[in-house]
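Me: Please take a close look at one part of this structure and describe what surrounds it, then work outward from there. I would like one connected account, with each technical term explained where it comes up.

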Number of protein chains: 2
Amino acid sequence: MDVQRLELLRELADRGSVTAVALATHRTPSAVSQQLKVLEREAGLPLTQRQGRGLVLTDAGRSLARSATDVAVSLAKATALWDEFRNNATGDVSLVTFPTAGQMLLPGVIKNLQPGLVLNCADEDPELSDFPAFTAEYDIVLAHSMSGQLSWAGRGLTVVPLMTEPLDVGLPVGHPLADRAWVGPRDLIGETWIGVTDGYPFERILHAIEQEAGAHLSMSQRFADLALIESFVIAGLGIALVPRYTSGGGQPGRLVLKPLRGIESERQIVALMRPDRAERLAVRTVINLLRAEAAQVQQSHSAPH
Amino acid sequence: MDVQRLELLRELADRGSVTAVALATHRTPSAVSQQLKVLEREAGLPLTQRQGRGLVLTDAGRSLARSATDVAVSLAKATALWDEFRNNATGDVSLVTFPTAGQMLLPGVIKNLQPGLVLNCADEDPELSDFPAFTAEYDIVLAHSMSGQLSWAGRGLTVVPLMTEPLDVGLPVGHPLADRAWVGPRDLIGETWIGVTDGYPFERILHAIEQEAGAHLSMSQRFADLALIESFVIAGLGIALVPRYTSGGGQPGRLVLKPLRGIESERQIVALMRPDRAERLAVRTVINLLRAEAAQVQQSHSAPH
DNA sequence: ACGTCCATGTAGCCAACCTACACAATGCAT
DNA sequence: ATGCATTGTGTAGGTTGGCTACATGGACGT
C-alpha cells in the first residue's frame with residue numbers, strides 16, 4: 001500500500017481530472033493513470049468510474065481519498081516535527097487573498113518574515129472565484145464571510161480565524177449623521193446607498209437593515225472595488241457599508257465612519273488550508289504572523305477610539 | 001520524505017538493532033543501514049548514534065519514530081477502510097498468550113473465526129518474558145496485570161481490556177473453610193500456602209493479605225504452573241490463590257474455590273498491540289471475538305453462582 | 001463528420017533499492 | 001592478551017518500479 005498513490009487519489013478527488021493531477025504533480029497523464037490503476041488492483045474494487053470523457057470517484061474512492069488526507073496530515077506533522085528540531089521554518093509558502101485583506105495584513109507579515117522563509121502572494125476577486133477551491137493551488141487562502149456563516153464547511157479544510165472586522169457606515173464629511181457617535185437602522189431610512197455587486201457579504205447586511213428599519217433602501221450604484229465606492233461616498237453621491245480597518249486608504253480624512261448598532265455588522269477574515277499543508281512548519285509560522293498582524297491591526301484601531 | 005524509511009526508524013526504535021530490523025523486514029542489514037543514512041541526510045540532523053557495537057536513537061530520532069507511528073496508524077486505517085468496503089476481514093493474525101488465558105479464550109475464538117481469517121497462536125511464560133516486547137513480533141499479545149497497575153503504560157501501545165478475573169482461595173475438599181461462602185484475610189492466618197514464583201501478580205495479593213491480617217504467611221512451595229499448584233492443594237499440602245475461571249480444569253470437583261473479601265483480588269486480562277496493527281480489520285475482528293468470548297466466560301460463571 | 005479533449009495503453013529508459021561481499025569496531029571468552 | 005563472534009557500514013552490481021514519449025480509443029461540441 002503506497003502513500004504516493006493514495007496522494008494521487010486525493011489529488012484526483014480535489015482536482016477532478018487526471019490531466020489536472022498530472023499538471024499539478026509534474027507528471028504525464030499516463031503516469032497518473034497507471035498508478036491509479038495499480039491502486040485499484042491493490043484495493044480489489046473500482047475506485048474510479050468513467051463519466052463522459054472525464055473520470056469521477058466511486059464511493060469507495062472518495063472514502064479512501066478522505067483517509068488519504070489523514071495519512072498526508074500525519075506525514076506533514078512528522079516533517080514539521082523535524083523542522084522544529086532543526087529550528088528551520090524555511091521554504092516557500094504561497095498565499096491568495098482578496099484585495100482588502102492583503103492590503104491590511106500582508107505588508108506587516110512580509111516585513112517580519114525570518115530569513116529563508118519566502119511568501120509568494122497573489123490576489124483574486126472573491127466575487128468571481130470559488131475561494132475554497134484555491135486551497136488546491138495555494139498553501140494559504142485568505143477568505144471572508146459573514147459572522148457564523150461558513151460557506152466552506154464540510155469540505156474537510158482547516159479553517160483558522162484571523163480577525164473579525166466591523167463594517168461601518170461610510171459618510172461624506174458634513175453629512176447630517178457625521179457628528180453622531182453611532183447610527184441605527186432607522187437613521188438610515190431615506191439615504192441613497194452605494195452598493196456592491198451580488199455575492200459580497202455586504203449585501204446581506206443591507207437586507208437586514210431594510211428589515212429592521214421597515215423600509216426599502218434605494219441603491220444607486222453597484223461596484224466591486226472598494227476604493228471606487230469610497231470615492232462616490234466622498235463625492236456626496238450616497239453612503240455605503242465599508243470595512244473599518246481597510247477604508248479611507250486613498251483619501252484619508254475625507255471619509256467618516258460610524259458604527260452601525262442594532263445589527264450584527266461584521267465580516268470574519270479567515271485562513272483556509274488543506275489539512276496537510278496546514279501542518280507544515282513554514283505554513284504554521286506564516287499563520288502565526290498573520291494572526292499577530294491581525295491582532296495588532298485590531299488593537300491599533302481600538303486604542304485611539 | 002518516504003514512509004518506508006520512517007517505518008524502518010520505528011522498527012529500530014522497537015527492536016533496538018539494525019540486524020533485528022533487517023531480520024524482521026526480510027532485508028539485509030546493509031539495506032537498512034543505507035536507508036537510515038538517507039533518512040538522516042534528508043532530516044539534516046543525526047537520528048542515530050553509535051553506542052558500543054550497537055546503535056541507539058537520538059532524541060530527535062525517538063521523536064521522529066513516535067510520529068512515524070501516527071503515519072503507520074493512519075495508513076493502517078486506510079487499508080482497514082477498504083477492507084471494510086470489500087467486507088473482507090481476511091489474512092493472518094498472530095497472537096501470544098500466557099497459558100491460562102489461552103486455555104480460557106482461544107478455543108472459543110478459533111471456532112468462531114470466519115473463513116479466510118487465520119489466527120496463529122503461541123504461548124509464552126509471563127514470568128520469563130517481557131510481554132509488551134512481544135508486540136514487535138505478534139499482532140496481539142494477551143497479558144495480565146493487577147487491577148489498576150499497568151506495567152506497560154507509556155510505551156505507546158494500544159491496550160484493550162478483555163476481562164477481569166477474580167482470584168479465589170483454592171482449598172482441598174474437606175478443608176475447615178470449605179463450607180464458608182467467602183473467606184477474609186484473618187481466616188487465612190496459620191494456613192500453609194502454595195505460592196508462585198516471583199513476578200507473578202499473585203505475589204502482591206499475598207503481601208496484601210499479610211498486611212491486612214497482621215501476620216506472616218508461611219509459604220511451603222513455589223511453582224509457576226497452575227495445574228501443579230492445584231494438584232498440591234488437592235493433595236492437602238496447602239492452599240493457594242487461583243484464578244476463578246481457569247482453575248480446576250485438570251481434576252474437577254476436587255478443588256473448592258472461595259471468594260476473598262476485604263482485599264481487591266483480581267487480575268485484569270488485556271490485549272496489547274502496536275497501534276498500527278490494532279487498526280487492521282483482521283486484527284480488530286479477532287479482538288472483537290476475544291471480547292465476546294471473555295464476556296461469555298464471565299457470564300457463564302456468574303449465572304449459576 | 002470532423003477536430004478536440006480526455007483517459008489509457010505500449011515500449012523503453014532511468015533511478016532507487018536491494019543483495020552479496022568485504023571491512024572496521026566492539027565486546028566476550030578462554 | 002588474543003581469538004572470535006557480533007554489530008554496523010561501505011562498494012559493486014543487478015533487478016524492479018515508475019516515468020516519458022508516443023499512439024490509441026471514446027465522448028463531446030460544432
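Reply: The second largest pocket holds about 630 Å³ of space, and among the 24 residues of its lining, B:R10, B:A13, B:D14, B:R155 and B:G156 lie closest to its centre. Two or more residues of this lining come from each of α1, β2 (54–57) and α4 (59–85) of chain B, with α1(B) giving the largest share, 5 residues. Everything here belongs to a predicted model, in which local features need pLDDT of at least 70 and side-chain atom pairs count only at pLDDT 80 or more, while totals for chains, interfaces and linings use all residues. Residues are numbered from 1 along each chain as its sequence is written, chains are lettered from A and ligands numbered from 1 in the order in which they are written, and side-chain values use heavy atoms, with hydrogens and water left out.

A pocket is found on a 1 Å grid over the protein atoms alone, as an open set of points where a 1.4 Å probe fits, with protein on both sides within 12 Å along at least five of seven lines; its lining residues have an atom within 4 Å of a point. Its volume is the space filled by probe spheres set on the points, which are joined across faces, edges and corners. The element names refer to DSSP runs numbered from the N terminus, helices being H or I runs of at least four residues and strands E runs of at least two.

Where in chain B does the second largest pocket lie? Domain 1 (3–83) and domain 2 (89–163 + 267–302) of chain B both contribute to its lining, so the pocket lies between these two domains. Domain bounds like these come from an automatic or database domain assignment. By class, the lining of this pocket has 11 nonpolar, 6 polar and 7 charged residues, where Ala, Val, Leu, Ile, Met, Phe, Trp, Tyr, Cys and Pro count as nonpolar, Asp, Glu, Lys and Arg as charged, and the others, including Gly, as polar.

The largest pocket takes in both chains. Its space comes to about 1100 Å³, and of the 37 residues that line it, A:V3, A:Q4, A:L75, B:M1 and B:V3 are nearest its centre. At least two lining residues are supplied by each of α1 (3–15), α4 (59–85) and α8 (275–279) of chain A and by α1 (3–15) of chain B, and α1(A) gives the most, with 8 residues. In this lining, 18 residues are charged, 12 are nonpolar and 7 are polar.

Chain A itself is assigned domain 1 (3–83), domain 2 (88–161 + 267–302) and domain 3 (165–266), and the centres of domain 2 and domain 3 of chain A, taken over C-alpha atoms, are 26 Å apart. An unreviewed UniProt entry lists residues 1–58 of chain A as "domain: HTH lysR-type", although such annotations may be inferred rather than shown by experiment. Over that stretch, chain A is 60% helix and 14% strand, with its end C-alpha atoms 19 Å apart.

We can now turn to the DNA. Around DNA strand D there are 20 residues, of which A:R27, A:T28, B:V18, B:T19 and B:S30 come nearest, and of the strand D atoms within 4 Å of the protein, 72% are sugar and phosphate. A residue counts as near a strand if one of its heavy atoms lies within 4 Å of it. The side chain of A:S30 has an N or O atom 3.1 Å from a base nitrogen of DNA strand D, which is a polar contact, a pair of N or O atoms within 3.5 Å. B:K37, for its part, places a polar side-chain atom 3.4 Å from a phosphate oxygen of DNA strand D. On the surface near this strand, α3(B) gives the most, with 5 residues.

DNA strand C also has 20 residues around it, and A:V18, A:T19, A:S30, B:R27 and B:T28 come nearest. Among its contacts, a polar side-chain atom of A:S33 lies 2.9 Å from a phosphate oxygen, while one of A:Q34 lies 3.3 Å from a base oxygen. Here α3(A) gives the most to the nearby surface, with 5 residues, and that surface has 11 polar, 6 charged and 3 nonpolar residues.

Terms used
A polar contact is a pair of N or O atoms within 3.5 Å; within protein, one must be able to donate a hydrogen and the other to accept it, and residues adjacent in sequence count only if both atoms are side-chain atoms.
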